[in-house]
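The following paragraphs walk through the salt bridges of one protein model. Please have the sequence and the coordinates open while reading.

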Amino acid sequence: PGGTSVTDGQAGHHPGEPGDLGEQKRVTILIADVAGLTESVHGFDPDLADQLQFSIVPLLVDVVHRGRGTVNRVGGDGIMAIFGAPVAHEDDAVQACVAALALHEAFDRVSSRLGEERGLELALRVGLATSDVVLRRTSNDLYEEYAALGPAVRVAMRLGQLAAVGTTLMTGETMRAAEGYI
């Protein structure tokens, strides 16, 4: 299922051209937050802190990509991913839930190793929210980026903050969309 193009009313306008205000789509937003990472690297040698962050974040990105998600934000402590853009599938919410489970499993292995090697206590928290959003695409010859605007982004971020370490919190809409599969 495609989305509805939202433009500024220009005749002959094509998505992605100047004046494109975005496309409305139903997506599931996944926020994965590494609890304790910033606190753990505080006081470490900057190179070591950089190594820690760059050993964890690519792992999270890889898991999301394997689940058909699009990572659209990467921060020092985690990632934000969209399931349902740029290409929508009927099971995007299910894939986001499967990715959340896979994220916890992969992260637990890495975090256990880092705990043994460096004495770090890290944990993953995940928030999932499904709703209609407006997607804005920015691209050039080097990259393509999607910005999602809508309640799912704020709600997923908040759920990621509220989730107990090692758990995933999701909205009722996400749960309904994945019902019978997860």
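In this predicted model, Glu173 and Arg176 form a salt bridge through their side chains, with an N to O distance of 3.2 Å. Both residues belong to helix H5, which covers residues 172-178, and their spacing of three residues is about one turn of the helix. Glu173 is partly exposed, at a relative accessible area of 28%, whereas Arg176 counts as exposed, at 54% relative accessibility. The pair also takes part in a network of salt bridges that links Arg26, Asp132, Glu173 and Arg176.

Another salt bridge within a helix is found in H3. Here Arg109 is paired with Glu105, and the closest N and O atoms are 3.5 Å apart. The two residues are separated by about one helical turn, because they are four residues apart in helix H3. Arg109 and Glu105 are both exposed.

A further salt bridge joins Asp91 and Arg68, whose closest N and O atoms lie 2.3 Å apart. Asp91 sits in the loop between strand S4 (78-83) and helix H3 (92-118), and Arg68 in the loop between helix H2 (46-66) and strand S3 (70-75), so this salt bridge ties together parts that are 23 residues apart in sequence. Asp91 has a relative accessible area of 27% and is partly exposed. Arg68 is partly exposed as well, with a relative accessible area of 35%.

How many salt bridges does a search of the whole structure find? The search finds seven, among them the Asp91 and Arg68 pair and the Arg109 and Glu105 pair.

How values were computed. Residues numbered from 1 in each chain as written. Predicted model: local features only at pLDDT ≥ 70, side-chain atom pairs only at ≥ 80, totals over all residues. Heavy atoms only, no water. Salt bridge = Lys/Arg side-chain N within 4 Å of Asp/Glu carboxyl O. Buried < 20%, exposed > 50% of the residue type's maximum accessible area, 1.4 Å probe, protein only.
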